[in-house]
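User: Please go through the labels used for this model and show how each one follows from its cut-off.

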Amino acid sequence: MKGTKPILKTDAGALADVPAPPTWLSKEARAEWRRIMPDLVARRILTTADMGSVENYCVAIGNVRAAQKIIDAEGLTHGSRKHPAVAVQSDAMTIARQLAAELGLTP
């Protein structure tokens, strides 16, 4: 990534309470929601318009963890090729990293 990280500013319309995770999220995605949302709400930077990005971030993290479980059980290779779960995990990690930066979740 290039440049300096933007300074996140509080928003007058920020969420005041931590919303419950959507019921359609996977178990892993809900766990990530519960981990990040208290901090994001406390920083007063999230509005309802940001919820799609938060949901997508949590889905991506859930997919990373689900793919890891498959890799742990079946290995990195599938025959003589890379296991398909490795590519799924890599894509999900990229998406999660990009969304984490947008949400201010990166150092």
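The turns below set computed values against definitions.

Analyst: This is a predicted model, in which local features need pLDDT of at least 70, side-chain atom pairs count only at pLDDT 80 or more, and totals for chains, interfaces and linings use all residues. Residues are numbered from 1 along each chain as its sequence is written, and side-chain values use heavy atoms, with hydrogens and water left out.

User: How do you know that the end-to-end distance of helix α1 agrees with its number of residues?

Analyst: Helices are DSSP runs of H or I with at least four residues, numbered from the N terminus. The expected span is 1.5 Å times one less than the number of residues. For the 16 residues of α1 (residues 27-42) that gives 22 Å, and the end C-alpha atoms are 24 Å apart, which agrees.

User: Why is Glu 32 called buried, and Arg 65 partly exposed?

Analyst: Buried means under 20% relative accessible area, exposed over 50%, and partly exposed in between (1.4 Å probe, protein chains only). Glu 32 has 1% relative accessibility, so Glu 32 counts as buried. Arg 65 has 35%, so Arg 65 counts as partly exposed.

User: What makes Glu 28 and Lys 69 a salt bridge?

Analyst: The rule asks for a side-chain nitrogen of Lys or Arg within 4 Å of a carboxyl oxygen of Asp or Glu. In this pair the closest N and O atoms are 2.6 Å apart. Glu 28 lies in helix α1 and Lys 69 in helix α2, so the pair ties together parts 41 residues apart in sequence. The count by this rule is four salt bridges.

Key: Helix = DSSP H or I, 4+ residues; strand = E, 2+ residues; numbered from the N terminus.
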